[in-house]
Each structure stands twice: as structure tokens, then as C-alpha cells.
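User: I should like to learn how to read the architecture of a chain and the contact between two copies. Please take me through an example.

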Protein chains: 2
Amino acid sequence: MTMSLWSEVRPEAARRLVVAAVESFAKVGFHATTTRDIATAAGMSPAALYVHFPSKSALLFEISRTGHERTLAMVLDVANGDGDPVTKMRALVENFVTWHAREHVTARVVQYELTALPEREYLIIAGLRRRIEQAVRALVTAGSAAGVFEVPDERTAARAVLSLGVDVARWYSERTRKTPRALGREYATLVLGMLGCTDSP
Amino acid sequence: MTMSLWSEVRPEAARRLVVAAVESFAKVGFHATTTRDIATAAGMSPAALYVHFPSKSALLFEISRTGHERTLAMVLDVANGDGDPVTKMRALVENFVTWHAREHVTARVVQYELTALPEREYLIIAGLRRRIEQAVRALVTAGSAAGVFEVPDERTAARAVLSLGVDVARWYSERTRKTPRALGREYATLVLGMLGCTDSP
């Protein structure tokens, strides 16, 4: 497992707790994980866990927030950068898919445990997700306006672009023969086809 | 919730147990569900559950097997039927996506709880999944051979076709404005574009 997303969490004890939580949430789910499970896997007592995180939900929120903020930053970086819609969409899909393959254990928690978040935290995450979706939709709209994309419904097409990337987290594993980056590049080509792009650079 | 897949399970007590299990597995996951939870939701004692299913795993296997067998039957029905690769692919995606939207609660259990199956049962389900993937790959290959599809890698393309449909179960809900069938039709058009099809009927 790579888990490179968490390498800079400090202090070290908090880092170990986050990694242990990600692994257990991804394996058996949030609801079947106890704070004791997490603390034990991180080599601590349950009491020591509460020094860093007030609850199991706080750990899930930290994982979910970090994953979503990182994704949003990547998407906005591409969307606000230079280039035509085709070049931007290619870069966006390549990065999005590479992340979901490379960090597939974290991505499973980020994508599949949303309903386990408490309501207030859920609303914050939902806001981040809306901004990610809006950026992708704006890119589909820009490509349609420029005449390089042709889709039946921009909203559905934008959703399908993200959906295809998200599902990589479900099936990708260390046994997959394709590297995350190679898969990202292939998916970018598939997505441009899906968007009716006949002008692939 | 539709749950129409389970309407014919008999006796009635077994049907109620399967529906209760699907709902709880989909909501909190297999590992966080107890046989007592399932029995209570079905209006029975835990002892009454064991009359119909020897274990919680047996319930999961029944749900998973039924879902996969139904999907395989649909895929083979289309694949072995009449029509050119484009017509067949359109029908396959439309049916696959419609099913994952309409039965999204069941489909979540079928697609996301595989690793909770005991080893022997897992191997049976893995065999069904392989046959589904092979049928889709054969259809991609047939389209490529006929010159109507153009993809960088047939294996990756076939996987992406199924992946796009599977992920519908994650995000589709009763609040989605598009009907399952309308979504299926749009996704069929998106997939044909993804497969480089320029000859869409």
C-alpha cells in the first residue's frame, strides 16, 4: 500500500492513527471498526487516540476532507490552467484516475463512506464534491461550446467522467498489471471518445 | 426501494430475511450487520433465521449469487442474440445500467461486499464475474474486428464499460431525476463513443 497521502501528517502518532483508520475503514467499513481496533493497529491505547481525535467520526472526516480537498485542488489547477478543453480534460482524467488507482485504499474510504459522516461534516464534504463536479461540468460545457465535444447531456457526461475514475478505486489492486499512470493515460483517451471528441491531440 | 429482484423468493419468511439483509448490508456493510439485526428487521427471532439460512455469510452468498447470475444471464442473452456488435453493445449497456440504477440497493451489496464472502463462495462468484467480463470483452473484440470499434486496449475498454455501469449503484438514488431506463439509454450512447464507434445506429 502506498498511502503517500498521509506521509506528512504530524505528530507521528496522529499519522499512525490515520493510516490505521484508513486501512480498517477500507477493509471492513466504518461501522464495523471500533476506536479500539484503530488504536491497537497504531500501537496505542484507546485513551491515547482521543488525544488526537475526539471520535471515530473525526478520523473519518479528516480522511474524507483531505482526500476531497486534494482532488478539488488538482481539478481546479487543471481547469484554471492554460490549454484548450481537450488538453485540460485529458490532464484532468489522467490525474484523477492515477490518484484513484495509486491511492485506491484511501480512495475507497473517501468515496464509499460518505453516508457514515455526521450531518454537519457531510455537508462540508458535499460542498467540496459539488465544486469538483461543477469544474468538470464547466469543462464539458466549454468543450461543447468550442465544438470539440459532442454529448447528449452535459450533466450526465460530466458525472460519467468522474464516475469512471471513482470506480477505479473499487477494482484496482496491487495485482493490476497496468501502472496507475498508464491506466490514467488510457482512460483519458477513452473519456475523450466518450465526450465525442474527434479532435484528440 | 424497488427490490423487485426478491419478490419471488419463497417461503415468505426467507424473502423477508433476504430483503432485510440487503437493506442492512447496503446501509452499514456486511461486517457491521448482525444476524440479530436481520432477524429483527424481518420480524423474527435469530433462531428462526437459522431455519432458512445457516449463517450471515449464507445470506450474503444468496444475494451475491442471485445478482451475478441475473446479470450474467442478461449479458449472455444479448451477446448470443441477433444483431451487429454496435446494436448488441447498446442493448447490453442499456440493460446493465438500468439494472444498477433500478436495483441500486441490491447492486451495492452485490458489487461492494465481495471481499466479505468466505473463500469457497468467493471463488464461485469470481467465476460468474469472469464470464460476464469475457462476454463483454468478446463483444469489444468482435466490434474491433468488424472495424466499428477502435480502442487502445480491448481488455481495459471492456473493463471500463462494466465499471461505468457498476458505479451507477454508488451514486444513483430515488432523488435522481433521470429514470433508470433513460440513464441506461444515455450511457449506451456514451459507451459507444468511448469505444470509438463512429457508426452509431
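**Fold and contact**

Analyst: Chain A holds 10 helices and 0 strands, where helices (H or I, at least four residues) and strands (E, at least two) are DSSP runs numbered from the N terminus. The model is predicted: local features need pLDDT of at least 70, side-chain atom pairs count only at pLDDT 80 or more, and totals for chains, interfaces and linings use all residues. Residues are numbered from 1 along each chain as its sequence is written, and chains are lettered from A and ligands numbered from 1 in the order in which they are written.

User: Which pattern does chain A follow along the sequence?

Analyst: The order is α-α-α-α-α-α-α-α-α-α.

User: What share of the residues of chain A is buried?

Analyst: A residue is buried if 20 or more other C-beta atoms, placed from the backbone, lie within 10 Å of its own. In chain A, 46% of the 201 residues count as buried.

User: How many residues does each chain give to the contact?

Analyst: Two residues are in contact if their C-beta atoms, placed from the backbone, lie within 7 Å. Chain B contributes 22 residues and chain A 22 residues. On the side of chain B that touches chain A, the elements giving two or more residues are α8 (154-166) and α10 (180-194) of chain B.

User: Through which surface do the copies meet?

Analyst: Of the interface residues of chain B, 100% are also interface residues in chain A, so the copies meet through the same surface.

Definitions and conventions:
Buried ≥ 20, exposed ≤ 12 C-beta atoms within 10 Å, placed from the backbone.
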